[in-house]
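Have the sequence and the 3D view ready side by side. Let us take a slow walk along this chain together.

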Amino acid sequence: MTTKQTTLTPSAAEEAATELRDALSEAGIVLPSLDYDIASPALNLVVLGRVRADVAVKLAEVVRRGSAR
């Protein structure tokens with residue numbers, strides 16, 4: 001799947017990280033390193049960080065359920 005990158009505001013990565021953190025929290029998932037990359041604001045990068053294997057499996061399950069709709 002290819003997605004087109006849109007032009008975002010400088011705060012878009014911060015907002016996206018917050019939105020993702022909230023959604024994951026609702027699913028019972030915590031990514032401790034989830035943040036936005038302040039070093040490259042023009043790229044609007046969200047840093048997902050490292051997670052334990054059991055958290056990655058739970059995240060995969062949530063994504064699969066959501067994509068089955």
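We begin with the whole chain and then turn to its core, a salt bridge and two residues in loops.

Keep in mind that this is a predicted model. The secondary structure consists of two helices and two strands. If you follow the sequence from its start, these elements come in the order α-β-β-α. The chain has 69 residues, and 14% of them count as buried. Its exposed surface comes to about 5,600 Å², with carbon and sulfur atoms supplying 57% of that area. Take the contacts between residues at least 6 apart in sequence: 45% of them join residues at least 24 apart.

Now look inside. Which residues make up the largest nonpolar core? The five are Leu-24, Ile-29, Leu-31, Leu-34 and Val-55. Try picking out Leu-24 in the view. Beyond its neighbours within four places in sequence, Leu-24 is in contact with Ile-29, Leu-31, Leu-34 and Leu-59.

From the core we can step to Val-51, which sits in the loop between β2 (46-47) and α2 (53-67). Setting aside neighbours within four places in sequence, Val-51 touches Leu-31 and Ala-56, and Leu-31 is one of the core residues just named. Is Val-51 buried, exposed or partly exposed? It counts as partly exposed, because its relative accessibility is 33%. Val-51 also shows how a fold can bring parts of a sequence together: Ser-33 is 18 residues away in sequence, while the C-alpha atoms of the two are 8.1 Å apart in space.

Next, look for charged side chains. Side chains of opposite charge can pair when their charged atoms come close. This structure holds one salt bridge, and its partners are Asp-54 and Arg-52, whose side chains meet at 2.9 Å, N to O. How open are these two to the surroundings? Asp-54 has a relative accessible area of 46%, so it is partly exposed. Arg-52 counts as exposed because its relative accessibility is 56%, and the cut-off for exposed is over 50%.

Our last stop is Asn-44, in the loop between β1 (35-36) and β2. Most residues other than glycine have a negative phi. Asn-44 is not a glycine, yet it has a positive phi of about 55°. Is Asn-44 buried or exposed? With a relative accessibility of 12%, Asn-44 counts as buried, because buried means under 20%.

Note on methods
Residues are numbered from 1 along each chain as its sequence is written. This is a predicted model: local features need pLDDT of at least 70, side-chain atom pairs count only at pLDDT 80 or more; totals for chains, interfaces and linings use all residues. Side-chain values use heavy atoms; hydrogens and water are left out. Helices (H or I, at least four residues) and strands (E, at least two) are DSSP runs, numbered from the N terminus. Buried means under 20% relative accessible area, exposed over 50%, partly exposed in between (1.4 Å probe, protein chains only). Contact means heavy atoms within 4.5 Å. A nonpolar core is a set of buried Ala, Val, Leu, Ile, Met, Phe, Trp, Tyr and Cys residues joined through side-chain atoms within 4.5 Å. Accessible areas come from the Shrake-Rupley method with a 1.4 Å probe; for residues, only the protein chains shown count as cover. A salt bridge is a side-chain nitrogen of Lys or Arg within 4 Å of a carboxyl oxygen of Asp or Glu.
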